[in-house]
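Here's a quick tour of the structure below. Have a look at it first, then read on for the overall fold, the charged pair and the surface.

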Amino acid sequence: MGIIVKKENNNDELSRRINADLRAKALETVNIDSDNADPDFAEGSEYVKEFQKTGRFGWVWVILIVLAIASILAIAFM
């Protein structure tokens, strides 16, 4: 036999205010991030100043490396 317990939430107003504050802060953060495309300033640092972004065919290098490793393993185990 069980006991049914009804819990009344007396903190509705406080919960609503906290949710509203968190929602406002989240929206503010989204607006800051959308205004500033690079929030960590990594693109403007001296370390990456001379770097270039990966081109369209960067995936070809990955395939070539995988094929090279596969061929080395095939030669070693045959």
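## Overall picture

Keep in mind that this is a predicted model. DSSP-wise, the chain comes down to two helices and zero strands. Helix 1 covers residues 12-35, and helix 2 takes in residues 58-76.

There isn't much of an interior here: of the 78 residues in the chain, buried ones make up 1%. The chain exposes about 8,200 Å², and carbon and sulfur atoms supply 62% of that area.

## The salt bridge

How many salt bridges does the structure hold? Just one. Arg16 pairs up with Glu13, with their closest N and O atoms 2.9 Å apart, so the pair falls within the 4 Å cut-off for a salt bridge.

Both partners sit in helix 1, and because they're three residues apart there, about one helical turn separates them. As for solvent, Arg16 is exposed, at a relative accessible area of 52%, while Glu13 counts as partly exposed at 41%. In general, side chains of opposite charge can pair when their charged atoms come close.

## The nonpolar patch

Which residues make the nonpolar surface patch? Phe57, Trp59, Trp61, Ile63, Leu64, Ile65, Leu67, Ile69, Leu73 and Phe77 do, and the patch comes to about 1,200 Å².

Take Ile63, one of the patch residues. Ile63 is found in helix 2 and is partly exposed, with a relative accessible area of 40%. Patch residues need over 30%, so Ile63 qualifies on that count at 40%.

Terms used: Residues are numbered from 1 along each chain as its sequence is written. This is a predicted model: local features need pLDDT of at least 70, side-chain atom pairs count only at pLDDT 80 or more; totals for chains, interfaces and linings use all residues. Side-chain values use heavy atoms; hydrogens and water are left out. Patches are made of residues with over 30% relative accessible area and no salt bridge: like charges are joined within 9 Å, nonpolar side chains (Val, Leu, Ile, Met, Phe, Trp, Tyr) within 5 Å. Accessible areas come from the Shrake-Rupley method with a 1.4 Å probe; for residues, only the protein chains shown count as cover. A salt bridge is a side-chain nitrogen of Lys or Arg within 4 Å of a carboxyl oxygen of Asp or Glu. Helices (H or I, at least four residues) and strands (E, at least two) are DSSP runs, numbered from the N terminus. Buried means under 20% relative accessible area, exposed over 50%, partly exposed in between (1.4 Å probe, protein chains only).
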